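Me: I would like a close look at a single part of this model, set in the context of the parts that surround it. Please treat the matter in one connected account.

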Amino acid sequence: MSIKPTAAPVSGTAAPTSPPPVTPMGWMHTARFLTTAAQLHHLPPIAVPEIAFVGRSNAGKSTCINTLTQQKQLAYASKRPGRTQHINLFSLGKQGLTDAVLADLPGYGYAAVPKQDKIRWQRVMANYLVTRENLKGIVLLCDPRLGLTELDEVLLDVIRPRVQEGLKFLILLTKADKLTRVEGAKALSIARLQAGGGEAKLFSALKKQGVDEVAQLLWDWSHEAPSDPDAAQSPTAAQTALGHEPGNEEDEPPSED
Ligand SMILES: Nc1nc2c(ncn2[C@@H]2O[C@H](COP(=O)(O)OP(=O)(O)O)[C@@H](O)[C@H]2O)c(=O)[nH]1
Ligand SMILES: [Mg+2]
């Protein structure tokens, strides 16, 4: 299965026959389940930009995806037994006009996860980052009351060089309704430093805080003119940071739970 970009360019002057312009929120609402994969090599090759959502379990990832897409159940597909370690893909754009894909990556464990699980997760992430050619951006969800965990830091180390090469990156501080204004501002300034060349934003599904902004950002990421393809495909730093062994991409699938 392969998805080709079929949507017309979104910029430029609309022809008289063009459909009305799509708002970022309207665009997010078109999200529908595309496929689920237990192993990286089962992911279909896709030609449109892909945006990955990552974060530790309970960070608020499913709630965030459901809020952004204005669909109560969308990301909870990944809560079905045996699916929590899958990569779930959702198509964006009108039917037949898919112009981007969201990837819901497996949540990683609480503080005291077994070492084996950490190693497995690091491999999955490394392989995904190294092999996913259409990866355009990453949203790292983080509960600001807990801050970044060890595995969040690992992920940051991996993606930092790729962010410098043009990969889009957002640290999304979830459950912002649990913070006071001062706490929120402080968490945001810390996250901005941690994000390196990326961005940081506060988000609350409960208060609908940051929803429009994030939708706009994902729209922008997905519709900007492609950058230099040579510069974008340099996985060496990511490989190094996670101890990735070239040629070993497909031997370590996420486990079933
Ligand atoms: N107060 C508040 N709770 C939230 C928010 N987003 C998620 N939660 C809660 O955080 C918990 C974990 O959310 P979930 O989306 O399942 O996290 P996931 O494991 O990262 O997918 C659930 O109890 C949610 O109701 C939010 O914006 N505000
Ligand atoms: Mg979830």
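The part in question is helix 2, and the request and the reply follow.

Me: Is helix 2 buried or exposed, which elements cover it, and what does it give to the shell around ligand 1?

Reply: The model is a predicted one, and what follows should be read in that light. The chain has eight helices and seven strands. Buried residues account for 40% of its 257 residues. Among contacts between residues at least 6 apart in sequence, 78% join residues at least 24 apart.

Helix 2 covers residues 61–69. Seven of its nine residues are buried, so the helix is largely enclosed by the rest of the structure. The buried residues are K61, S62, C64, I65, T67, L68 and T69. Their cover includes two helices, helix 1 (24–29) and helix 6, together with strand 2 (50–55), strand 4 (100–104), strand 5 (135–142) and strand 6 (168–173).

Helix 2 also has a part in the surroundings of the ligand. The shell around ligand 1 holds 16 residues, of which G60, K61, S62, T63 and A205 come nearest. Helix 2 gives the most to this shell, with three residues. By class, the shell consists of nine polar, four charged and three nonpolar residues. K61 and S62 therefore appear in two roles: they are among the residues that come nearest to ligand 1, and they are counted as buried with 20 or more other C-beta atoms within 10 Å.

After the helix comes Q70, whose phi is positive, near 55°. This residue is not a glycine, and Q70 lies in the loop between helix 2 and strand 3 (87–92). Q70 counts as partly exposed because it has 14 C-beta neighbours inside 10 Å, a count that falls short of the 20 required for a buried residue. That loop also contains H86. H86 is buried, because 23 other C-beta atoms lie within 10 Å. The C-alpha atoms of H86 and A38 are separated by 4.6 Å, although the two residues are 48 apart along the chain.

Several of the covering strands pair with one another. Strand 2 and strand 5 run parallel and are paired over six bridges, with G55 standing opposite L141 of strand 5. Strand 5 is in turn joined to strand 6 by six bridges, again in the parallel sense; here V139 has L170 of strand 6 as its bridge partner. Strand 5 is itself mostly covered, with eight of its eight residues buried. Strand 6 pairs with strand 7 (199–202) in the parallel sense as well, over four bridges, and L173 stands opposite L202 of strand 7. In strand 7, A200 and L202 form a covered face, whereas E199 and K201 form an uncovered one.

Beyond strand 7, the chain leads through a loop to helix 6 (211–223), and K208 is found in that loop. K208, like Q70, is not a glycine and has a positive phi; the values are about 60° for K208 and about 55° for Q70. K208 counts as exposed because it has 11 C-beta neighbours inside 10 Å. Helix 6, at the far end of this loop, is one of the elements that cover the buried residues of helix 2.

The wider interior can be described through the largest nonpolar core, which has 62 residues. Those with the most contacts inside this core are F53, L102, A103, L140, L172 and L173. Helix 3 gives the most to this core, with seven residues. L173, already named as standing opposite L202, is thus listed among the residues with the most contacts in the core. A103 touches E50, I51, A52, F53, I87 and L89, leaving aside residues up to four places away in sequence.

Helix 3 itself comprises residues 115–131, and its 17 residues should span 24 Å at 1.5 Å a residue; its end C-alpha atoms are 24 Å apart, which agrees. The buried residues of helix 3 are W121, Q122, R123, V124, M125, A126, N127, Y128, L129 and V130.

To return to the request: helix 2 is largely enclosed, with seven of its nine residues buried, and the elements covering those residues include strands 2, 4, 5 and 6 as well as helices 1 and 6. Helix 2 also gives three residues to the shell around ligand 1, the most from any element.

Notes. Residues numbered from 1 in each chain as written. Chains lettered and ligands numbered in written order. Predicted model: local features only at pLDDT ≥ 70, side-chain atom pairs only at ≥ 80, totals over all residues. Near = placed C-beta within 6 Å. Nonpolar A, V, L, I, M, F, W, Y, C, P; charged D, E, K, R; others polar. Buried ≥ 20, exposed ≤ 12 C-beta atoms within 10 Å, placed from the backbone. Contact = placed C-beta atoms within 7 Å. Expected span 1.5 Å × (residues − 1). Core = buried A, V, L, I, M, F, W, Y, C linked by C-beta atoms within 7 Å. Pairing = 2+ DSSP bridges.
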